[in-house]
Amino acid sequence: MANKFWSELTHRLTPYVPGEQRHGDKIVKLNTNENPYPPSPRVLEALAAVDGGALRRYPDPESVRLRTALADQHALDVANVFVGNGSDEILGLAFMAFFTAKSAQSTSPPASLQYPELSYSFYPVYCELLDIESCVRPLRDDFSIDMDAFEDNGGGIIFPNPNAPTSLAQSAQSIEALLIRVPNTLVLVDEAYVDFGAQSMVKLVNKYPNLVVSQTFSKSRSLAGMRLGAAYANNQLIEALTRVKNSFNSYPVDAVAQQAGIASISDEAYYQQTLMKVIRTRAETKLALEARGFRVLDSAANFLFVSPADKNACALYEHLNRQGVLVRFWSSASLAQWLRISIGTDEEMQALLKAIDEAEYAI
Ligand SMILES: *Cc1c(COP(=O)(O)O)cnc(C)c1O
């Protein structure tokens with residue numbers, strides 16, 4: 001409940017609402033795009049080997065070993081890599097580092113941050129928190145991002161690739177064309193789901209001075225609970241992120257997370273294996289839902305964006321919820337016919353299909 005000690009800003013905020021974290025033996029949790037498989041055994045070994053006594057010390061503030069491991073993985077320099085406490089935190093720092101608050105701009109109208117109409121709902125939340133002018137660009141009729149709609153406005157552009165919640169990927173070629181067309185505008189590509197089937201822009205960060213790429217260990221590396229994300233850009237942009245980090249929290253990545261991240265990166269084989277499992281289950285689930293009359297967009301992510309035959313996503317969401325199958329539903333008008341369903345294990349997807357078949361929605 002609001003209180004007289006709240007700042008004016010706190011009163012105004014509409015915070016991000018994460019998907020429900022309900023747990024229980026019978027819960028089938030397909031609502032927050034977590035990986036259904038555990039992290040690499042090497043991560044578990046690294047965690048078991050943590051020297052608890054050493055936790056009395058602060059971690060390396062610049063996470064150099066972890067950043068070096070990431071740089072080596074992408075054939076970049078350590079100065080091209082930034083790490084943070086989840087990629088959400090990196091996005092917040094990036095908004096501060098690259099986009100100027102309305103009140104601090106002399107131009108009228110202020111240069112805005114542009115993002116697609118349907119995309120990660122954290123972007124407007126950061127804009128409100130940081131007083132950044134935003135401009136929403138409509139999607140094309142097929143739900144793909146309309147790259148031509150973005151303008152070289154001297155502000156910024158951000159979009160997930162693949163996009164969330166639509167699951168659709170943009171080609172690297174279309175993103176490169178955009179980077180060339182908007183040389184005065186910073187382009188932040190949020191690659192939270194890129195490993196599940198889109199082309200990464202990471203290798204191009206030294207070619208395009210206006211490119212920042214963010215990635216996360218939460219989805220493809222099964223470490224959502226660890227809170228670890230990375231950003232890639234040319235060294236001047238990484239320096240901007242570092243300046244903001246060191247004006248806010250010098251130690252965003254704890255010592256345990258740094259070890260876990262290094263261990264995760266070292267196990268490429270395990271990582272590829274779990275990715276392949278998710279991708280196979282995604283293809284099978286898409287076919288099974290289409291056979292039940294659903295419209296399912298072509299996913300390059302670890303979730304499906306689906307519309308049931310009767311378009312009543314709300315009723316299906318409530319039915320599934322009662323059966324203990326959690327999926328994501330948004331009540332806003334533009335999303336009312338759609339559900340976002342994370343890819344779980346084969347058994348979890350069977351439970352989803354069984355619950356769908358038990359509903360009156362089955363055709
Ligand atoms: C999950 C997600 C993130 C944030 O991931 P973290 O867990 O904070 O690393 C960022 N962007 C998109 C589009 C996401 O779906």
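This is a short talk on the cores, the salt bridges and one strand of a protein model.

Hi everyone, thanks for having me. Before we start, please keep in mind that the model on the screen is predicted.

Let's begin on the inside. The largest nonpolar core has 49 residues. Which of them touch the most other members? Those are L70, F159, L211 and Y232. As for where the members come from, helix α8, residues 255–266, gives the largest share, with five residues. Now, where does this core sit with respect to the domains? Domain 1 covers 8–39 + 269–358 and domain 2 covers 41–267, and both give residues to the core, so it lies between them.

Let's zoom in on L70. If we set aside its neighbours within four places in sequence, L70 is in contact with V81, V83, F217, A230, Y232 and I265. You may recognise Y232 from the list I gave a moment ago. There is also a second, separate core, made of 33 residues, and among them are Y37, Y193, A301 and L320.

Next, the charged side chains. How many salt bridges are there? The count comes to 12, and I'd like to walk you through a few of them.

My first pick is K245 with E62, whose side chains meet at 3.5 Å, N to O. K245 belongs to helix α7, residues 235–245, while E62 is in the loop between α2 (41–48) and α3 (64–73), so this pair ties together parts that are 183 residues apart in sequence. Is K245 buried or exposed? Its relative accessibility is 3%, and that is under the 20% cut-off, so K245 counts as buried. E62, on the other hand, is partly exposed, with a relative accessible area of 27%.

My second pick is D148 with R140, also a salt bridge, at 3.5 Å, N to O. Here D148 is exposed, at 59% relative accessible area, and R140 counts as partly exposed, at 38%.

The third one sits within a helix. K286 and E290 meet in a salt bridge of 2.8 Å, N to O. The two are four residues apart in helix α9, residues 268–291, which means that about one helical turn separates them. K286 is buried, at 17% relative accessible area, whereas E290 is partly exposed, at 32%. And salt bridges can join up too: K102, D131 and E133 are linked in a network of them.

Last stop: strand β5, residues 156–160. How many of its five residues are buried? Five of the five are, so to speak, tucked away as buried residues. Look at the two faces in turn: G156, I158 and P160 are on one side, I157 and F159 are on the other, and both faces are covered. F159 should sound familiar, as one of the residues touching the most other members of the largest core.

What does β5 pair with? One partner is strand β3, residues 113–116, which runs parallel to β5 and is joined to it by two bridges. In that pairing, Q114 has I157 as its bridge partner. Another partner is strand β6, residues 186–190, again in the parallel sense, over five bridges. There, P160 stands opposite D190. Finally, follow the chain on your screen: β5, helix α6 (residues 172–181) and β6 make a right-handed β-α-β unit.

That's my tour. Thanks for listening!

How values were computed
Residues numbered from 1 in each chain as written. Predicted model: local features only at pLDDT ≥ 70, side-chain atom pairs only at ≥ 80, totals over all residues. Heavy atoms only, no water. Core = buried A, V, L, I, M, F, W, Y, C linked by side-chain atoms within 4.5 Å. Buried < 20%, exposed > 50% of the residue type's maximum accessible area, 1.4 Å probe, protein only. Domains from an automatic or database assignment. Contact = heavy atoms within 4.5 Å. Salt bridge = Lys/Arg side-chain N within 4 Å of Asp/Glu carboxyl O. Pairing = 2+ DSSP bridges. Right-handed = clockwise from strand over helix to strand, strands pointing away.
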